[in-house]
Amino acid sequence: MAFYQYRAADHAGKIVEGIMEAEAEQGVVLRLHEMGCIPLRIGASAESGAVASQARLPLFSKRKISQQQLLQFTQELGTLLAAGLPLDRSLSILGNLIEGEEFSKVMRTLLEAVRAGKSLAASMGEHSDVFPKIYINMIRAGESGGILEGVLRYLAEYMERSLALREDLKSALIYPVILASAAGVSLIVLFLYVIPRFAVIFKDVGQAVPWITRVIIGLSTLLTEYGWLIAIALIAAVAAAVFYLRNPEAKAELDRVSLRVWLVGDLIRKFETARFSRTLSALLKGGVPLLEALGTVQGVMGNRLMARAINQVQIRVREGKGMARPLAESGFFPPLALNMIAVGEETGKLETMLGEVAGFYDQEVKRTTKRLTSIIEPVLILGMGLVIGVVVISMLLAIFSINDLPF
């Protein structure tokens, strides 16, 4: 038996929270139904040793409304609608559940707009900074087709997989970033604090000091005396690069170069292929027409060259041609994905096959990221060891040279 923390709504719309002991989550669901309550959220209780981190994640987000909050809202709205509650009643209940003042304001405006006769998609369209384009389009399709509960379920699945992939990438890159930061701090300490102390010792020796020691001491002196100028120059260079990359053509050129970088280009192709397939599959399952879905997918792609390729696909599809061939002509998408999409078009199961492509390339992204980090880590360690080793050896050679001087 384990303890589960639950949040549910009774038939009067009142929120009920508590902790229940059961063998599995399904047992909690059954008992809540027997109590006449609609389960909204069930998770392992802290009493059983688990940490309910999902509710705390938004606190660490820099965004006012995080993707985790939006996912939670989607899941709970779908649960309430599937239980038979009307839309305005569901939004009213969720308004009391939402954590965060910003999202609460959005919920109140949504509720007021729906009660005034607006559709949910139109109401969400007024908050495009909160609800992405794909989200609004799928809600619109779900409302027009009368399948809003199913669309919310597809949306929740889509968001869960997207968030999971993003978190996997972040987790894989944490150690290399920490290692690179440690290397940078170590070098700064060496050149700004350690080497200047040795420089005082070698000041009167002159040419007797080995050339490598003079080079290291010169670099240390440069950083000590003009470090602030170097820092200003680096900040200015970064600012200039950011300003330059505001130009769409500059971004496209950067995307073109990134696709050619060894290992990194392969990772980008796989990541964008998974994003394209997952988004298009979710839109098609939600009832969005293919042409409109391709336009939405183009807007969520991170690589501009691949987004332009999808624009060409949209034009070809509008002409009555298939999707797999123009994707292949772009040269950006992996052959396996193209073959699977072609099979999906031939069999009439495009959305299902796109889901399979997304799942496959999610795993490929994880494997490629692991391979990339397995290369980066030893390179960083060797590079840091080499630089520090050169500094230490240069100091030791200088000390030995002093011992060899005639007095």
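**Exercise 1. Classify and place Lys270.**
Decide whether Lys270 is buried or exposed in this predicted model, then list the residues that Lys270 touches.

*Solution.*
Step 1. Lys270 has a relative accessibility of 10%. The buried class covers values under 20%, so Lys270 counts as buried.
Step 2. Locate the residue. Lys270 sits in helix H10, which spans residues 264–285.
Step 3. Set aside residues up to four places away in sequence. Lys270 then touches Tyr361, Glu364, Val365 and Thr368.
Step 4. Look for a polar partner. The side chains of Lys270 and Glu364 make a polar contact at 3.0 Å.

**Exercise 2. Compare two residues of helix H7.**
State the accessibility class of Leu179 and of Val200, and give a C-alpha separation for each.

*Solution.*
Step 1. Helix H7 covers residues 148–201 and holds Leu179. Val200 is found in H7 too.
Step 2. Leu179 has 12% relative accessibility, so it counts as buried.
Step 3. Val200 has 62% relative accessibility. The exposed class starts over 50%, so Val200 counts as exposed.
Step 4. Take the distances. Leu179 and Ile376 lie 197 residues apart along the chain, with 9.9 Å between their C-alpha atoms. Val200 and Ile217 are 17 residues apart in sequence, and their C-alpha atoms are 10.0 Å apart.
Step 5. List the contacts of Leu179. Beyond neighbours within four places in sequence, they are Glu377, Leu380 and Ile381.

**Exercise 3. Describe the packing of H9 on H12.**
Find the angle and axis distance for H9 and H12, name the orientation, and sort the contact residues by class.

*Solution.*
Step 1. H9 is residues 248–260 and H12 is residues 304–318. The two pack at about 100°, with axes 8 Å apart.
Step 2. Angles of 65 to 115 degrees count as roughly perpendicular. H9 is therefore roughly perpendicular to H12.
Step 3. From H9 come Pro248, Glu249, Lys251, Ala252, Asp255, Arg256 and Leu259; they meet Arg304, Leu305 and Arg308 of H12.
Step 4. The class count for this contact is four nonpolar, no polar and six charged residues.

**Exercise 4. Repeat for H11 on H12.**
Determine how H11 is oriented against H12, and which classes make up their contact.

*Solution.*
Step 1. H11 spans residues 290–300. Its angle with H12 is about 170°, and the axes are 9 Å apart.
Step 2. Angles over 145 degrees count as roughly antiparallel. So H11 runs roughly antiparallel to H12.
Step 3. H11 contributes Leu290, Leu291, Leu294, Gly295, Val297 and Gln298. H12 contributes Ala307, Ile310, Asn311, Val313, Gln314, Val317 and Arg318.
Step 4. By class, the contact of H11 with H12 has eight nonpolar, four polar and one charged residues.

**Exercise 5. Judge the whole chain.**
Summarise the fold content and say where confidence is lowest and highest.

*Solution.*
Step 1. The protein has 15 helices and three strands.
Step 2. Of its 407 residues, 40% are buried.
Step 3. Consider contacts between residues at least 6 apart in sequence. Of these, 61% join residues at least 24 apart.
Step 4. The average pLDDT is 78, and 85% of the residues score at least 70.
Step 5. Confidence is lowest in strand E2 (residues 15–22), at a mean of 64, and highest in helix H14 (residues 335–347), at 89.
Step 6. Residues 46–63 have pLDDT below 50, and this stretch has 16 contacts in the model beyond near neighbours in sequence. Where pLDDT is low, predicted coordinates should not be read in detail.

Definitions and conventions
Residues are numbered from 1 along each chain as its sequence is written. This is a predicted model: local features need pLDDT of at least 70, side-chain atom pairs count only at pLDDT 80 or more; totals for chains, interfaces and linings use all residues. Side-chain values use heavy atoms; hydrogens and water are left out. pLDDT is the predictor's confidence in each residue, from 0 to 100. Helices (H or I, at least four residues) and strands (E, at least two) are DSSP runs, numbered from the N terminus. Contact means heavy atoms within 4.5 Å. Axes are lines fitted to C-alpha atoms, for helices over the stretch in contact, and angles run from 0 to 180 degrees between N-to-C directions. Angles under 35 degrees count as roughly parallel, over 145 as roughly antiparallel, 65 to 115 as roughly perpendicular and the rest as oblique. Ala, Val, Leu, Ile, Met, Phe, Trp, Tyr, Cys and Pro count as nonpolar, Asp, Glu, Lys and Arg as charged, and the others, Gly among them, as polar. Buried means under 20% relative accessible area, exposed over 50%, partly exposed in between (1.4 Å probe, protein chains only). A polar contact is a pair of N or O atoms within 3.5 Å; within protein, one must be able to donate a hydrogen and the other to accept it, and residues adjacent in sequence count only if both atoms are side-chain atoms.
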